[in-house]
Amino acid sequence: MRVLVKIAILIAISLCLFHHVQSQAKGKGSQTLSEKVQQLLDMNAKRPVMRFNGNRFRDFVKSAPRNYSVVIMFTAMAPARQCVICRHAHDEYTIVANSYRYSQTYSNKLFFAMVDFDEGSDVFQMLRLNTAPVFIHFPAKGKPKPADTMDIQRVGVSAEVIGKWIQERTDIQIRIFRPPNYSATVAILMLTAFVGGFLYLRRNNLDFLYNKQMWGFLAVIFCFAMVSGQMWNHIRSPPFVHKGQNGGIAYIHGSSQGQLVIETYIVMFLNAMIVAGMILLTESGWQSDPRKGKIAAVVGLVLVAVFFSLILSIFRSKAQGYPYSFLFK
């Protein structure tokens, strides 16, 4: 009987010690969480986009406890890496982080960070990343799902697109505030001053204002700019180039819902060559020398055929399922 009593006492003491140790562990865990959040808030106060290396990534993202989400941009900013789009993606990402940092929805439930390949190559190996930039959302609970990786090949890397993707993953709406850009205003003022000064100097001889060829040339340039999508660029602020599916630089956006800045220049050049070919075809019939007329007609026909085929090929690559092509697919 005494043995049973001693065993019962030992069991009771063991249970008390177990509960005591467990309660201390819980208290220590909550303290660790508060310390982690406070450290993140301190770093976030210094810069909206925190720079993580391998140790910080493991401490603040991979290790528990964690009751906050982290959006991380994995990039390669060093010039030796030759990542053309990384700088533009970083600028757009910083705009999103700044917009959230100074918005009314700011809290300690969402943080923005970045991991550069030269500072955290072990993180790239851990996540099996072989391209940059990559945007991944690490939720407060559980592992990232496929939708937590942003598809930049399809939607691009503009600040508005990043903010919309974050809202879909975290239910936190971020209103994008872009810093004012006065370059366009300065350019317009300089152009106005130049034109005004030129007209003042030529005030006694303004016959050039009645030159039909000059006005026709300016009208064609304006049409090229509008048809190529310059106004869309002004409204949406797309990237100059972006990363293709094979990891290289893409000059043509793969979707009909988007475009790149360099893509508008390419389309403008192709349209200009088509117009030049049509002008040569039209003028070939008015040549007094039949030989020059034939040369102009052949050159014009080649220009129209080749460059129209190229622009049709670009349209075919963007509009999936479009069946028609000419010289190039």
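In this predicted model, His 137 has a relative accessibility of 3% and therefore counts as buried, since burial is assigned to values under 20%. The residue belongs to strand β4, and its side chain is joined to that of Ser 69 by a polar contact of 3.5 Å. When residues up to four places away in sequence are left aside, the surroundings of His 137 consist of Ser 69, Val 70, Val 71, Pro 144, Asp 148, Trp 165, Arg 169 and Thr 170, each of which His 137 touches. Ser 69 thus appears both as a residue touched by His 137 and as its partner in the polar contact between side chains.

Aromatic rings were examined next. A pair of such rings is described by the distance between the centres together with the angle between the planes. With pairing taken to require ring centres within 6.5 Å, the count comes to twelve aromatic pairs. One of them is formed by Tyr 93 and Phe 135, whose ring centres lie 5.4 Å apart and whose planes meet at 55°, so that the pair is classed as tilted, an angle neither under 30 degrees nor over 60. This pair links distant parts of the chain, as Tyr 93 lies in helix α3 (residues 84–101) and Phe 135 in strand β4 (residues 134–138), with the two positions 42 residues apart in numbering. Strand β4 is also the element that holds His 137. Tyr 93 is buried, its relative accessibility being 0%, and Phe 135 is likewise buried, with a value of 0%.

A further pair is made by Phe 269 and Phe 307, with ring centres 5.9 Å apart and planes at 85°, which is over 60 degrees, and the arrangement is therefore edge-to-face. Here too distant parts of the chain are linked, for Phe 269 is located in helix α10 (residues 261–284) and Phe 307 in helix α11 (residues 290–318), 38 residues apart. As to accessibility, Phe 269 is partly exposed, with a relative accessible area of 45%, whereas Phe 307, at 15%, is buried.

Ring pairs also connect Phe 57, Phe 74, Phe 117, Phe 124 and Phe 138 into a cluster.

Arginine side chains are likewise found over aromatic rings. The charged end of Arg 66 sits over the ring of Tyr 68, at 5.9 Å from the ring centre, and that of Arg 101 sits over the ring of Tyr 102, where the distance to the centre is 5.4 Å.

Methods:
Residues numbered from 1 in each chain as written. Predicted model: local features only at pLDDT ≥ 70, side-chain atom pairs only at ≥ 80, totals over all residues. Heavy atoms only, no water. Phe/Tyr/Trp six-rings, centres within 6.5 Å; stacked < 30°, edge-to-face > 60°. Helix = DSSP H or I, 4+ residues; strand = E, 2+ residues; numbered from the N terminus. Buried < 20%, exposed > 50% of the residue type's maximum accessible area, 1.4 Å probe, protein only. Lys NZ or Arg CZ within 6 Å of the ring centre and 35° of its normal. Polar contact = N/O pair within 3.5 Å; in protein donor to acceptor, adjacent residues only side chain to side chain. Contact = heavy atoms within 4.5 Å.
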